[in-house]
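Student: Got a minute to go through a model with me? I'd like to start with the fold and then look at a few residues.

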Amino acid sequence: HEVLADDPAAGSRIQAEVRELDATPNRLLKEFGDTQITPEGQAKFAKVKAGHDGLERSIEEINAALAANDDEVAAKLIVDKLDPAFGVLDAALDDASQHQFRRAEASLATAQGEFRTSRAIAIASMVVALALAVVFALLLMRAIMSGLSTAMNVAEQIADGHLGHRIDTTRRDEFGVLLATLKRMDEKLH
């Protein structure tokens with residue numbers, strides 16, 4: 001006590017720490033209560049709150065007995081009220097912890113199921129995209145080869161001296177331009 005009298009700032013710091021320590025259980029209890037959305041969770045919270053309130057009442061009674069310098073009453077209150085209050089609170093906290101654990105397991109199972117579904121959809125989408133890419137590549141290759149084959153046949157016929165061919169120039173791409181050029185060349189040589 002003499003040390004604290006010599007350092008008033010230390011006494012203020014200790015008082016602030018005690019107030020913070022006193023406020024922590026109430027803050028944590030409120031946070032726990034705010035997260036309980038199911039009726040079962042709210043019932044667990046009610047049991048924890050009742051156990052906490054009973055413990056606080058026991059502590060207040062013991063503090064009052066100690067303030068009155070009645071150590072015998074304080075000791076009796078510790079045995080008769082505080083120890084059982086701790087037991088009630090401990091049982092309620094254990095039950096609430098088990099409830100939270102079950103909820104966490106259920107949430108994990110749901111998340112894993114959603115992940116598996118998302119992964120399956122992503123893989124299926126990739127397979128479909130790959131299949132479509134292959135189909136479009138084959139169609140494009142066929143269109144290119146068809147035009148190139150026609151142009152090569154016309155060029156070979158002209159090279160062999162066979163002129164006056166009917167050349168289809170209805171294509172509207174580069175091969176159409178090439179076939180139109182080969183047609184003009186065939187007509188000029190004919």
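Tutor: Sure, we'll take the overall layout and then some single residues and pairs.

Student: What kind of model is this, and how are the residues numbered?

Tutor: It's a predicted model, where local features need pLDDT of at least 70, side-chain atom pairs count only at pLDDT 80 or more, and totals for chains, interfaces and linings use all residues. Numbering starts from 1 along each chain as its sequence is written, and side-chain values use heavy atoms, with hydrogens and water left out.

Student: How many helices and strands are there?

Tutor: There are 5 helices and 0 strands in the chain, which reads α-α-α-α-α from the N terminus on. Those come from DSSP runs numbered from the N terminus, with helices being H or I of at least four residues and strands E of at least two.

Student: Is the chain spread out or compact?

Tutor: The radius of gyration is 44 Å, well over the 16 Å that the globule rule gives for 190 residues, so the chain is more spread out than a compact globule. That radius is taken over C-alpha atoms, and the rule is 2.2 Å times the number of residues to the power 0.38. Along its principal axes, the C-alpha trace spans about 130 × 45 × 20 Å.

Student: What share of the residues is buried?

Tutor: Buried residues are 18% of the 190 in the chain. Buried means under 20% relative accessible area, exposed means over 50%, and partly exposed is in between (1.4 Å probe, protein chains only).

Student: And how much area does the chain expose?

Tutor: About 14200 Å², with carbon and sulfur atoms supplying 62% of it. The areas come from the Shrake-Rupley method with a 1.4 Å probe, and for residues only the protein chains shown count as cover.

Student: Switching to charges: how many salt bridges are there?

Tutor: The count comes to 8 salt bridges, each being a side-chain nitrogen of Lys or Arg within 4 Å of a carboxyl oxygen of Asp or Glu. One of them joins Lys44 and Asp95, with the closest N and O atoms 2.8 Å apart. That pair links distant parts of the chain, as Lys44 is in helix 3 (residues 39–67) and Asp95 is in helix 4 (residues 71–159), 51 residues apart.

Student: Is Lys44 buried or exposed?

Tutor: Lys44 is buried, with a relative accessible area of 12%, while Asp95 is partly exposed at 23%.

Student: Which pair sits within helix 2?

Tutor: Lys30 and Asp34 both lie in helix 2 (residues 8–34), 4 residues apart, about one turn of the helix. Their side chains meet in a salt bridge at 2.8 Å, N to O, and both residues are exposed.

Student: What does Arg171 pair with?

Tutor: Arg171 forms a salt bridge with Asp173, and the closest N and O atoms are 2.8 Å apart. Arg171 is partly exposed at 25% relative accessibility, and Asp173 is partly exposed at 28%.

Student: Okay, which opposite charge is nearest to Asp186?

Tutor: Lys183 has the nearest side chain of opposite charge, 8.6 Å away, and Asp186 is buried yet has no salt bridge. For charge, Lys and Arg count as positive and Asp and Glu as negative, while His and the chain ends are not counted.

Student: Where is Asp186, and what does Asp186 touch?

Tutor: Asp186 is in helix 5 (residues 174–189). Not counting residues up to four places away in sequence, Asp186 touches Ile158, His162, Leu163, Gly164, His165 and Ile167. A contact here means heavy atoms within 4.5 Å.

Student: What about Gly41, buried or exposed?

Tutor: Gly41 counts as buried, at 0% relative accessibility, and lies in helix 3. Leaving aside neighbours within four places in sequence, Gly41 is in contact with Gln36 and His99. Gly41 and Gln100 are 59 residues apart in sequence and 8.1 Å apart in space, C-alpha to C-alpha.

Student: Last one: what is the phi of Asn69?

Tutor: It's near 60 degrees, a positive value in a residue other than glycine. Most residues other than glycine have a negative phi. Asn69 is found in the loop between helix 3 and helix 4, and counts as exposed at 67% relative accessibility.
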